[in-house]
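Some questions about how the labels for this structure follow from their cut-offs. Each answer sets a value against its definition.

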Amino acid sequence: MTNAEAYDRGFAHLSSHTVGHLLAPARQSRARRLLDVGCGTGVVTAAALTLGAEVTAVDSDPVMLELLARRHPYATIRRAALPELPFEDGGFDCVAGNFVINHVPDAPAALSELRRVLRPGGTVALSWWKSDEMTATSVFSEAIAASGVPYDPPPRPFSAHDTPPLFTALLEGAGFREAAVEAVRWRHQVDVAAWWTDVVEVGGPRFGMIGYQPPEVVRRIRAEYTRLAAPYERDGFPVCAYLARAVK
């Protein structure tokens, strides 16, 4: 489980930039039944509710879901994780997943499951990070390396599918049509000291290890982070995400 409050202050704010893009198919089709898969603290759920959709939000983390339930009592909330969802075939008009497909253990199986729960003609919209343009998090990896701390980051199985051609082929292989992928770039403008705190306190698999280091090691990593983040303090960290859309 992650620190949901820290996640909400940090990563949820970062990922909120893509919400409008993800919900474009739902707006265009006036989708009534929307599934927010990997909902986190609810940035997609909140926006979808304002569109008048009936939102079902799922996540594997009960702490995230508890926070979401307090904020959005009109959403249907279920604990679940891809590639297995507790829903009937064809139960949704639209599926949106904001930075979740890059975390699932089996992307092809996850896409097949998302297609299963969509009605014929329903749409899926998914986002993931372009890892070599993800300055907002790579600054932490670079700080750990510069501090001399041994660091073995978790594997990235999604790297086998993370380019537009590869993911388009994956969507088509799962039976989707009209698949398209676009890149979205922006600058994540944030107080760099607050960003450090929120990322470290989340306790996730990539950078949670920082918080478990001895205090003098944490200070050393933070000093390197402060140095590396300084050039982005005024204009923000440049980041890039991919947005994929397809139709069942």
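Q: Why is F158 called buried?
A: F158 has a relative accessible area of 6%. Buried means under 20%, exposed over 50%, and partly exposed in between, with a 1.4 Å probe and protein chains only, so F158 is buried. The model is a predicted one, in which local features need pLDDT of at least 70, side-chain atom pairs count only at pLDDT 80 or more, and totals for chains, interfaces and linings use all residues. Residues are numbered from 1 along each chain as its sequence is written, and side-chain values use heavy atoms, with hydrogens and water left out.

Q: What makes F167 count as buried?
A: The relative accessibility of F167 is 0%, and therefore F167 counts as buried.

Q: What makes W128 and Y242 a tilted pair?
A: Rings of Phe, Tyr and Trp (its six-membered ring) pair if their centres lie within 6.5 Å; planes under 30 degrees apart count as stacked, over 60 as edge-to-face and the rest as tilted. The structure holds 14 aromatic pairs. In one of them, W128 and Y242, the centres are 5.6 Å apart and the planes at 45°, which is tilted. W128 lies in strand β5 (residues 118–129) and Y242 in strand β7, 114 residues apart, so the pair links distant parts of the chain. W128 and Y242 are both buried.

Q: Why is the pair of F158 and F167 called edge-to-face?
A: The ring centres of F158 and F167 are 5.9 Å apart and the planes meet at 65°, so the pair is edge-to-face. W128, F158, F167 and Y242 form one aromatic cluster.

Q: How do you know that the length of helix α8 agrees with its residue count?
A: Helices (H or I, at least four residues) and strands (E, at least two) are DSSP runs, numbered from the N terminus. The expected span is 1.5 Å times one less than the number of residues. For the 12 residues of α8 (residues 135–146) that gives 16 Å, and the end C-alpha atoms are 15 Å apart, which agrees. Buried residues of α8 include V139 and F140. Just after α8, G148 has a positive phi of about 80°.

Q: Why is strand β1 described as largely enclosed?
A: Four of the five residues of β1 (residues 33–37) are buried, so the rest of the structure largely encloses this strand.

Q: What makes β1 and β4 a pair of strands?
A: Two strands pair if DSSP finds at least two bridges between them. Three bridges join β1 and β4 (residues 92–98) in the parallel sense, so the condition is met. In β4, V95 is the bridge partner of L35.
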